[in-house]
Amino acid sequence: MTNLAIAANGLRKSYDDKVVLDGIDLAVPEGTVFALLGPNGAGKTTAVKILSTLITPDPGTGDIRIGGHDLATTPQSIRAAIGVTGQFSAVDGLITGTENMLLMADLHHLPRAEGRRTAAELLERFDLVEAANKPVSSYSGGMKRRLDIAMTLVGNPRIIFLDEPTTGLDPRSRHTMWAIIRELVADGVTVLLTTQYLEEADELADHIAVLNNGRIAAQGTAEQLKRIVPGGHVRLRFTDPAAYQRATDTLPHATTDDQALTLQIPNDGSQHQLRTLLDQLDTADIHADELTVHTPDLDDVFFALTSTDTSKETVR
Ligand SMILES: Nc1ncnc2c1ncn2[C@@H]1O[C@H](COP(=O)(O)OP(=O)(O)OP(=O)(O)O)[C@@H](O)[C@H]1O
């Protein structure tokens with residue numbers, strides 16, 4: 001059986017009468033990426049703060065084990081085993097990148113020479129050598145995030161929590177961050193990340209949990225999640241109203257838009273279903289100006305699951 005790096009049972013947290021986490025279960029195998037996905041205010045940061053020992057869960061929460069350590073009895077062992085970066089990062093803007101790194105090395109009680117060597121290696125690895133002696137307040141968003149991760153790695157953690165690691169980054173910096181995360185996982189590190197970006201979860205995560213209204217509305221691989229929503233279709237666009245009319249007569253199950261002269265036909269995008277549709281069009285001598293195939297993506301899943309109060313579905 002695979003060892004779990006993170007195991008949480010019945011995680012609960014309320015603020016006054018607002019229930020933020022209503023008993024959620026998480027199981028993250030070692031060396032994998034787990035994405036906690038949810039709209040603003042869903043409780044993602046709260047979950048990360050609890051799992052990284054920054055705040056305590058409510059009574060009634062079940063067992064939580066991080067890296068095999070019990071959160072209730074040995075939080076200090078957990079702190080030694082994990083790294084946390086994100087919205088509550090430890091980066092100090094007033095001092096330089098190198099100084100931030102050395103501060104971290106001190107916190108981990110590394111001997112001075114080793115601390116300097118580790119800091120230099122990590123600054124190099126994250127492409128921060130040129131900026132190393134400049135105050136962090138002059139860094140771009142992407143550079144700050146890279147420094148944040150570099151600081152986290154000083155202690156060589158095997159489990160890393162990344163709270164919205166790419167929020168606000170431009171596409172290039174986002175891709176750099178994804179490459180960094182993939183490298184960490186290739187080294188055997190376990191990553192739990194929160195994100196509002198479906199594309200990010202799709203790109204990186206082995207397992208995705210969608211958090212909504214304090215509960216996990218669905219979880220599974222990106223592929224499993226995509227299968228739980230309908231939404232695959234072929235879209236045909238016409239410029240000739242007569243051809244459009246012939247198509248609507250030929251395809252009675254299509255959703256039509258008379259203004260845009262488009263039809264949407266349910267279709268799973270498989271070779272078989274596509275061929276059947278194309279044969280129908282050929283037989284009726286219909287030629288669309290544009291044909292596009294839309295397979296459900298995580299956007300469809302996200303909107304389907306987070307738009308109602310009661311949706312609850314689990315894919316295993
Ligand atoms: N210390 C606190 N006191 C009271 N309410 C809080 C506190 N911390 C969080 N909350 C509330 O808990 C809910 C969940 O917040 P949380 O920051 O975990 O959400 P999130 O999913 O991370 O959202 P975002 O994507 O906006 O960061 C919000 O409604 C928030 O207002």
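**Exercise 1. State what share of the 316 residues in the protein is buried.**

Solution. Buried residues account for 37% of the 316 residues. A residue counts as buried if 20 or more other C-beta atoms lie within 10 Å of its own, as exposed if 12 or fewer do, and as partly exposed in between, with C-beta atoms placed from the backbone. The model is predicted: local features need pLDDT of at least 70, side-chain atom pairs count only at pLDDT 80 or more, and totals for chains, interfaces and linings use all residues. Residue numbers start from 1 along each chain as its sequence is written.

**Exercise 2. Decide whether aspartate 63 is buried or exposed, and locate it.**

Solution. Begin with the position: aspartate 63 belongs to the loop between H1 and E4. Helices (H or I, at least four residues) and strands (E, at least two) are DSSP runs, numbered from the N terminus. Next, apply the count: aspartate 63 has 11 other C-beta atoms within 10 Å and is therefore exposed. Finally, consider aspartate 25, which is 38 residues from aspartate 63 in sequence and 9.8 Å from it in space, C-alpha to C-alpha.

**Exercise 3. Determine the strand order of the open sheet that contains E1, and identify its edges.**

Solution. The four strands follow the order E2-E1-E4-E5, with antiparallel pairing. Strands E2 (18-29) and E5 (69-70) each have a single partner strand, so one side of each lacks a neighbour in the sheet. Two strands pair if DSSP finds at least two bridges between them. Strand E1 (residues 4-15) and strand E4 (residues 64-66) have three bridges, in the antiparallel sense. Isoleucine 6 has isoleucine 66 in E4 as its bridge partner.

**Exercise 4. Analyse the open sheet that contains E11 and E13.**

Solution. The order is E12-E13-E11-E14, again with antiparallel pairing. At the edges stand E12 (255-257) and E14 (290-294); each has a single partner strand, so one side of each is left without a neighbour in the sheet. Strand E11 (residues 233-237) pairs with strand E13 (residues 262-266) over five bridges in the antiparallel sense. Arginine 237 has threonine 262 in E13 as its bridge partner.

**Exercise 5. Identify the element that gives the most residues to the shell around the ligand.**

Solution. The residues surrounding the ligand include Tyr15, Lys44, Thr45 and Gln196; a residue is near a molecule if its C-beta atom, placed from the backbone, lies within 6 Å of it. H1 gives the most to this shell, with three residues.
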